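User: Please take a close look at the loops of this model and the backbone within them. I should like one connected account, extended to whatever structural elements the loops join.

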Amino acid sequence: MWRASVLTIFPDMFPGPLGLSLAGKALASGAWALDIADIRDFATDKHRSVDDTPAGGGPGMVMKPDVLGRAIDATADGARPRLLMSPRGTPLTQARVEALTAGPGAVLICGRFEGIDERVIAARGLEEISVGDYVLSGGEIAAMALIDACVRLLPGVMGAAASSAEESFAQGLLEYPHYTRPQLWEDRPIPEVLISGDHAKIAAWRRAEAERLTRERRPDLWARHSGPAAKAAGPK
Ligand SMILES: C[S@@+](CC[C@H](N)C(=O)[O-])C[C@H]1O[C@@H](n2cnc3c(N)ncnc32)[C@H](O)[C@@H]1O
């Protein structure tokens, strides 16, 4: 079973949104497992301290390597990747999410304060993952985002009605726009082609819209999609 183990100083934040909707139902039905370790349980002083002042001075506090090291040793196994949520990390992509979903799960370490002592990263083989170029106050919301993205791809979680095959990023493109009834809303009609019943035309329109949106909004994705390497590989 796909298992996420989260190390945090705020265990009460979990399951949070992961206990609702698709992920929550899948959790309740045993399609995946979630266990939470409170990093403070691995402190040894009476205040259960997990942080200390930064070597070299400066603002804020740093998570202590000894406490975090013990927490990781008690939680991680050899099989699952150890992911440190970090704004310095490799940006999370759908391809990485798919690869994680195909494995046994993940151990997710949530930083707080200024971050964690650098030595733990090397000593425990942590892979730093970022959920975007902005700074959150802690790794918990980043961990939830990663887990949610993985869990919805597990077999049976999304159900037959929804498919990930046409979603944003699946083909290296953003997704086309969606519409539903009423046919006319505030003088805005649904595009004619979508009510034509002509499936080939609909598919062509959706493809063209996906390409237009990607070109306009994500030149980085578009360059990868339409660049020389993509052309050499042939049509997707
Ligand atoms: C306030 S942040 C620390 C920011 C750090 N001092 C820096 O400038 O890179 C505290 C924790 O939030 C988490 N975090 C913040 N932004 C993140 C992001 N974009 N992706 C993943 N984790 C993030 C990390 O676990 C980080 O250790």
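Analyst: **Loops and backbone geometry**

D187 is exposed, at 70% relative accessible area (exposed: over 50%; buried: under 20%; partly exposed: in between; 1.4 Å probe, protein chains only). The model is a prediction, in which local features require pLDDT of at least 70 and side-chain atom pairs pLDDT 80 or more, while totals for chains, interfaces and linings use all residues. Numbering starts from 1 along each chain as its sequence is written, and side-chain values rest on heavy atoms, without hydrogens or water.

D187 sits in the loop that leads from β8 to β9 (188–189); strands here are DSSP E runs of at least two residues, and helices are H or I runs of at least four, numbered from the N terminus. The phi of D187 is positive, near 65°, although the residue is not glycine. A second residue of this kind is F169, another non-glycine position, whose positive phi is near 80°. F169 belongs to the loop between α5 and β8, and at 39% relative accessibility F169 is partly exposed. Most residues other than glycine have a negative phi, and most peptide bonds are trans.

The loop between α5 (140–151) and β8 (184–185) also holds P182. The bond that leads into P182 from R181 is a cis peptide, with omega near 5°. Another cis peptide bond links F14 to P15, where omega is about 0°. P15 is located in the loop from β1 to α1.

The loop with P15 leads into a further arrangement: β1, helix α1 (residues 21–28) and β2 form a β-α-β unit that is right-handed (strands pointing away from the viewer, the path from the first strand over the helix to the second runs clockwise). Strands β1 (residues 2–8) and β2 (residues 32–38) run parallel and are joined by 7 bridges (pairing requires at least two, by DSSP). Within this pairing, A4 has L34 of β2 as its bridge partner.

Is S5 buried or exposed? S5, a residue of strand β1, is buried, with 1% relative accessible area. The S5 side chain makes a polar contact of 2.9 Å with the side chain of R80 (N or O atoms within 3.5 Å, one able to donate a hydrogen and the other to accept it; sequence neighbours count only if both atoms are side-chain atoms). Thus S5 has a relative accessible area of 1%, whereas D187 in its loop has 70%.
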